[in-house]
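The following exercises concern backbone geometry, nonpolar packing and model confidence. Please attempt each task before reading its solution.

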Amino acid sequence: MKERRFGWPLRGVLWAGLASLALGGGPGVLFAGTTLVAMAWSGPRLSGAGWAGAHGAALLGTALVLAVGAPTHAFSLLVCWLLAHRAWMGRSSDDTRVAVLLATLLLLLGAVGTESFLLAPVFAVYAALLPVALLRAELQGSTEAPPRGLELGLGGASAVIAALLFLVLPRLDGGYLSRGELGGQRFPEDVTLGEEGLVSDDAAEVIRAVVTGPDGAALPGPFHFRGRALDTFDGTRWSAEAPVERGRRNTTWDHRAEVWLAPIGGDLLFGVPEMIRVEGVPNRAAPGGAFLPTVPGRALDYVAYGRAVPLADIATADNDPWLQLPATLDGRVTTLAWTVVPAEEADPVVVANGLSAWLGATYTYVDAPPPPEGDPVAWFLFDAKAGHCEYFASALTVLLRARGIPARLATGFYSDERAADGAVVARRGNAHAWVEVRTAAGWATLDPTPPSGLPQVDTNGLRARFDALVASWYRDVVEYDMEAQFSAYGAIGKSFVVSGDGRSASPVRTGLVGMMVVMATLTGGLVIGRAAIGRLGAPAAPKRDVGARLCADARAAVRARGWAVPDDLPMLDAAAWLEERAGPDAAAFRRLAELVYAARYTNAPLALSEARACVRALRRIAKPRLTGGEARG
């Protein structure tokens, strides 16, 4: 392991393991592990007493990390120490193999703790260098280095095999070790006006949804993907305190959204309002019309059903939770609510639309308003006269309640972006707040934010492309589970399954057929590859010239007729031996011998047609009738 010629593949595997450990274990574990291993490869040799102290320090450090409640980090540091010790003491190919094994453990430890897309290049480097490192370990101490072409071939084949194994090996339903990133923080159960809002220019994909109606046709956008609604306002803070609404989960639906939700969705499920039920993931209903997954912190695929609720037939009675106003509300806000739309107007639908349109036309949208002074709603309406979506939605909700119209603040995403496949894409920068008005049919959406303030995300920049790459990693790699694998098998199996009654074959049948086709193809490929490698590695059979082959055929022909010509006799001597026993029938044998000798020793071309005629003549001669004495002779 100390010879320079064998060092770089092993070092590549090692650094891949450390890089994976950094992604999953954090910078502290990376720093400690890298320091230990780097010292091992370039540091001084330790004496016996030095080893005792080093072992004690390593075990003490591991125990301290374990004591603070980080068992994975403690185990990672222990593996790093074992690897460093192996590097210090290693001299043989066995030591190199152990170092490869320990580096593999580091890679797996890091992979358990992270879902980062950076694992892709790390695993690619690891898969390509692993067989090269093992090959060099086999040759360690020899004077010959493996051919560069062989190393490149092994590395490429290993990377391809690793990708195939990822695709075809049975999947485990992962995600339980992952950590939700922004869901609870981005859309919490309470929102304080003036603090960090929902506004962002982040282009990372959060939602991909195909929204269709009962007839299966795609519905036009734009769409509000509601996650949570907040009903109680204390003057500065919105919270969800109304009881969980039940009774509408099993009603008819108007739209169906097939949703892919990235891990940044956190502890919320999003759908086109008004959501009445969610299928495909275990979930529970929560205050504010929210649906919460029982396994948060992972990407999810589910179906959300909802109803299109028009802004009509607004009920103004028995709606105490959604008519509440803070006791400290500035009186000017109530006066404004009755001034913008005249008090004579009794139709709540006209009042609601009038207040919303007035806010959008009168006030200016800004991404980052200054901190509010005093009552944030009054400050927005009378002083700043500019703000982001949370100010517009909060102001409209308060104005509506002042007019006796039940309303609440809703948070989620707003998007009209379409992917190439027709799916609606919502990004982090599409986070938004709007208003929901209670009607006899349910909650109707009302958005007072002016069109210039509706969230738009630049998808053409370098950052947007990077975010799209990250989203693709989560969607196509991290969330490649058993269901996705079986669906891929089904797409292959459809080409091999024929339904007799004209109907589509069941997904289970097509999936099983596709799986058998893939497995049979891979098995056949491995068998053919193994045979090809065997043939390439086998020694080449010596080539015989045509004359030698014809001579062998002639000997076999006369042997079959009853004359066992000794194998050690040259052709002319064999012809003389045969003439003593067969007489004139041996003339063809002698003529063949003369033709072959003439071609071999005079460089004249062999008369193939005459030589082949000689062999045919020998095959036609009759078997001799042997007497007892001849047989004994």
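**Exercise 1.** Locate P222 in the secondary structure and state the configuration of the peptide bond from G221 to P222.

*Solution.* Step one: in this predicted model, P222 sits in the loop that runs between β2 (205-212) and β3 (223-230). Step two: omega for the bond from G221 to P222 is near -5 degrees, and the bond is cis.

**Exercise 2.** What is the configuration of the peptide bond from P273 to E274, and in which loop does E274 lie?

*Solution.* Step one: with omega near 0 degrees, the bond from P273 to E274 is cis. Step two: E274 belongs to the loop between β6 (255-261) and β7 (275-279).

**Exercise 3.** Classify D313 and K385 as buried, partly exposed or exposed, and give phi for D313 and for K385.

*Solution.* Step one: D313 is in the loop between β10 (300-306) and α8 (331-340), and its phi is near 55 degrees, a positive value in a residue other than glycine. Step two: the cut-off for exposed is over 50% relative accessible area; D313 has 55% relative accessibility and therefore counts as exposed. Step three: K385 is placed in the loop between α10 (376-384) and β12 (386-387). Its phi is positive too, about 55 degrees, although K385 is not a glycine. Step four: partly exposed covers the range between 20% and 50%; the relative accessible area of K385 is 46%, so this residue is partly exposed.

**Exercise 4.** Which residues have the most contacts inside the largest nonpolar core, and which helix contributes its largest share?

*Solution.* Step one: the largest nonpolar core has 73 residues, and I207, Y302, L381 and L400 have the most contacts inside it. Step two: helix α11 (residues 389-402) supplies the largest share of this core, ten residues. Step three: neighbours within four places in sequence are set aside for L400, which then contacts A352, L355, I405, A407, V435, V437 and L446. Step four: another core, of 25 residues, lies apart from the largest one; W563, A586, L592 and V596 are among its members.

**Exercise 5.** Which elements have the lowest and the highest mean pLDDT, and how many contacts does the model have for residues 627-633 beyond four places in sequence?

*Solution.* Step one: the chain averages a pLDDT of 77, and 72% of the residues score at least 70. Step two: among the elements, the lowest mean, 43, belongs to helix α19 (residues 628-632), and the highest, 95, to helix α9 (residues 348-362). Step three: over residues 627-633 pLDDT stays under 50, and the model has one contact for them beyond four places in sequence.

Key:
Residues numbered from 1 in each chain as written. Predicted model: local features only at pLDDT ≥ 70, side-chain atom pairs only at ≥ 80, totals over all residues. Heavy atoms only, no water. Helix = DSSP H or I, 4+ residues; strand = E, 2+ residues; numbered from the N terminus. Buried < 20%, exposed > 50% of the residue type's maximum accessible area, 1.4 Å probe, protein only. Core = buried A, V, L, I, M, F, W, Y, C linked by side-chain atoms within 4.5 Å. Contact = heavy atoms within 4.5 Å. pLDDT = per-residue confidence, 0-100.
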